[in-house]
Amino acid sequence: MKRWLVTALLAGFAALTAPPADAQTAQFKGLAAASRDLSSRLAPRDKPIELYDFLPAEDLDALLGSWAGFGSEHNFRNGVPNALNMVIWHATLERFSAAMGESCARPRLAFHPRFLATLKQVCAWPGAAAQSETTLQEFWLAVMGYSAPESEYRAWRDFFRTAYAAKPPAETVAAMTLAITMNPHFLLQQ
Amino acid sequence: MRTPSRRQILKYAALAGGTLLLPRLGAGEAAAVAEEPHFFLLLVLNGGADPAYMFDARPLAMTAAGRIQNYLGQEPFPWRGDNGVTTLASPLVKPLLPFRDWFSVLNGVYMTPGFDGHLQNMNFLFAGNPFGGESFIPHLNLAETGRAPASLDAVSPSDALPVNVDNHSAVVSLNPWAAAALAAKLKQLKPVQAGGPVGDPLAGFIRGRVLANAEGPGRFAAGAQRMLGGLDGAADVHKKLAKLVPPHLEAEPELQAVDLIAQCFRQKIARAAIYVLPEFFDVHAAEQAKTQPKLFSTAIARLAEILEGLDETPFDAHRSMIDVTTVMIASEFGRTMRHPEAPIGNTGTNHNALSNSVLLAGKGIRGGMVIGASDLATEQAQPSGAHRAMDPALEKVMGTPFDFASLRPVTELPDEFEIEDHLTIGSVINTIYAMFDVPQTRYRSLGRNLPVAPVLHGVLT
């Protein structure tokens, strides 16, 4: 009897600690959707941002979540996060973020005028204007959009005001971008 | 372990000498792995390959009698298993003759009852359920098997399969060229840094936000939990991937795939691999069916190339890849003998889930046997009442009843179908589970309120 009880308790514990089934798991939105989101908020309509250009190697976009068809079936594949696609996302977004940081000196990407003005303000980091609520919120909303709760913004803002208080602007902008784009609210479908 | 071939000895000698003649990285490192290495390779014949063109052929007299198409037009030959069971093999399988002691043939394997589609039967092969569910591949990499899990459940150096399973998040498509390019780039990049008080503050912040969002219920939190697991494993995977050596571009695609799989196995990047042959075996139209001799000869040449590649690719200083890898070759189902309305010389074939063929080879497998059989072996053969009930038009061959103790087909012709008396794909998967020490709680049953599908103990070494 005691053995059965222990087995049942262990089984219950295993069920509680087991990773969730993929079917009940939010998946990555995919590289194409992430590019589209960034383009709509940062880039001129005729010069979209292509995150594909920042992939560490060609043909890896399918591993970050993409649609595939078979007959009348259409499934979203490779969208569940794993160690490999996290490596690829991180490498891709780190390179994209570096380009954002380097844009403080000379724009590496085509930005639309409104975001360019925001970027210019953030690139005055660590000046007071760059750290102002207005500037940081504009930068956050431009990259993240409106899909994250305000608590995410506050955590991000406070981290950079402290940990990056004395860092140079290019490094800070790159780090800010990476911190936003690696956030689940940016990467996952909601 | 088999006696190594002359080429193997040469390669191992080269490895022991530390020369660069052995091109693949990691073989020496793998020797340091303490646990008994065991990996799994699934080779998929996509589209429903007709066993009649491999190891469940029929005599030409049956074609002359209008029972079954045969576009090869050559008499099959007897393929006698070490266990005394004989099947007819198509002359097309002759390239596999050098490997006949390595693999066992399982014929008359029953797939899913009542579902005829590719997707449903592929789901049944992987998950034991026509609608999908948990695939067996990740189960081979669970900690509960007693082995430390590899970073990924499987790599697939080929096109993705149409299958609806909900636990393939760590089964990833990775073709050799993309892997090589990725490895080259990752060598130049810093791995994802560890966060925390002693780590990189930015990495710590990123991980902290993922962790914060992973708490609580709901799909989004579950996704963030997956992200967290991926993030924590990313540095290790990054380092392992960066060590991958590009495949030789002049090598056959199959050997490039074997090369990549070997590197992934040696470095414990993956427990399993899935390789889908590029041939598509769905031949409903007569014109498609007529291409089968070419289709199968190409596919069989690829299979021979892969088996030879596994034999000649060292896993470590003592073992080849085939010594540490269990290999399964399967399709989602077999095919009907013909279309009923079309002339026998101008007919295609449809799906047949009542009889499939599976080959098992490599580590843990007793090779050289023929296990199970399908019925209607000759033009005079009579179907059972059970067969007539399930296939009234007699378009299909069907797995015969099966004796699980002797692994031999049973000749009686039952009037009613009892799945417990048949060799099913559930038994094949449970046999693989037994080899990998997957807990019996995961074993497949024969159906609702039915017992677990028996393990084929006789096929295990």
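## Exercises on a two-chain model

α3(A) and α7(A) cross in a right-handed way. That's our way into this model, which is predicted.

### Exercise 1: A helix pair in chain A

Work out at what angle α3(A) and α7(A) pack, and which residues of the two helices meet.

**Solution.**
- Step 1: start with the axes. They are 7 Å apart, and the packing angle is about 145°.
- Step 2: look along α3(A). Its side of the contact is L93(A), E94(A), S97(A), A98(A), M100(A), G101(A) and E102(A).
- Step 3: now take the partner. On α7(A), the residues that meet them are A170(A), E171(A), V173(A), A174(A), T177(A), L178(A) and T181(A).
- Step 4: sort the contact residues by class. You get seven nonpolar, four polar and three charged.

### Exercise 2: Another partner for α7(A)

Decide whether α5(A) and α7(A) are parallel, perpendicular or oblique to each other.

**Solution.**
- Step 1: find the crossing angle. The axes come within 10 Å and cross at roughly 50°.
- Step 2: compare it with the cut-offs. Under 35 degrees would be roughly parallel, and 65 to 115 would be roughly perpendicular.
- Step 3: draw the conclusion. The two helices, α5(A) and α7(A), are therefore oblique.
- Step 4: add the hand. α5(A) passes α7(A) in a right-handed crossing.
- Step 5: list who touches whom. α5(A) brings F139(A), W140(A), V143(A) and M144(A), while α7(A) brings M176(A), T177(A), I180(A) and T181(A).
- Step 6: count the classes. Six are nonpolar, two are polar and no residue is charged.

### Exercise 3: Where the chains touch

How many residues does each chain give to the contact, and which element of chain A gives the largest share?

**Solution.**
- Step 1: count both sides. Chain A contributes 43 residues and chain B contributes 40.
- Step 2: see which parts of chain A give two or more residues. They are β1 (66-70), β2 (73-77), α3 (83-102), α6 (150-163) and α7 (169-181) of chain A.
- Step 3: pick out the largest share. It comes from α3(A), with seven residues.
- Step 4: sort chain A's side by class. There are 28 nonpolar, nine polar and six charged residues.

### Exercise 4: Sizing up chain B

Work out why chain B counts as being as compact as a globular protein of its length.

**Solution.**
- Step 1: take stock of the chain. Its secondary structure comes to 14 helices and 14 strands.
- Step 2: compare two values. The radius of gyration of chain B is 23 Å, close to the 23 Å that the globule rule gives for 461 residues, so chain B is as compact as a globular protein of that length.
- Step 3: get the spans too. Along the principal axes, the C-alpha trace of chain B covers about 80 × 55 × 40 Å.

### Exercise 5: The eight-stranded sheet

Find the strand order of the open sheet in chain B and name its edge strands.

**Solution.**
- Step 1: walk across the sheet. The order in chain B is β6-β5-β7-β1-β8-β11-β4-β12, and the pairing is mixed.
- Step 2: check the ends. β6 (171-173) and β12 (370-371) of chain B each pair on one side only, so these are the edge strands.
- Step 3: zoom in on β6(B). Three bridges join it to β5 (152-156) of chain B, and these two strands run parallel.
- Step 4: find one pair. A154(B) has V171(B) in β6(B) as its bridge partner.
- Step 5: add a helix. α9 (253-266) of chain B packs on the sheet, where it touches β1 (39-45), β5 and β7 (270-276) of chain B. The direction of α9(B) makes about 165° with that of β7(B).

### Exercise 6: A hairpin and two backbone oddities

Which residue in the turn between β2(B) and β3(B) has a positive phi?

**Solution.**
- Step 1: look at the strands. β2 (77-80) and β3 (86-89) of chain B are antiparallel, with four bridges.
- Step 2: find facing residues. F77(B) stands opposite A89(B).
- Step 3: inspect the turn. The hairpin has five residues between its strands, and G84(B) has a positive phi of about 90°.
- Step 4: recall what's usual. Most residues other than glycine have a negative phi, and most peptide bonds are trans.
- Step 5: meet K268(B). This residue isn't a glycine, yet its phi is positive, at about 60°. K268(B) sits in the loop between α9 and β7 of chain B.
- Step 6: go back to chain A. The peptide bond joining W125(A) and P126(A) is cis, with omega about 5°. P126(A) is in the loop between α4 (113-122) and α5 (133-144) of chain A.

Technical notes:
Residues are numbered from 1 along each chain as its sequence is written. Chains are lettered from A and ligands numbered from 1 in the order in which they are written. This is a predicted model: local features need pLDDT of at least 70, side-chain atom pairs count only at pLDDT 80 or more; totals for chains, interfaces and linings use all residues. Two residues are in contact if their C-beta atoms, placed from the backbone, lie within 7 Å. Ala, Val, Leu, Ile, Met, Phe, Trp, Tyr, Cys and Pro count as nonpolar, Asp, Glu, Lys and Arg as charged, and the others, Gly among them, as polar. Axes are lines fitted to C-alpha atoms, for helices over the stretch in contact, and angles run from 0 to 180 degrees between N-to-C directions. A crossing is left-handed if the near helix is turned anticlockwise from the far one by less than a right angle, and right-handed if clockwise. The radius of gyration is taken over C-alpha atoms; the globule rule is 2.2 Å times the number of residues to the power 0.38. Angles under 35 degrees count as roughly parallel, over 145 as roughly antiparallel, 65 to 115 as roughly perpendicular and the rest as oblique.
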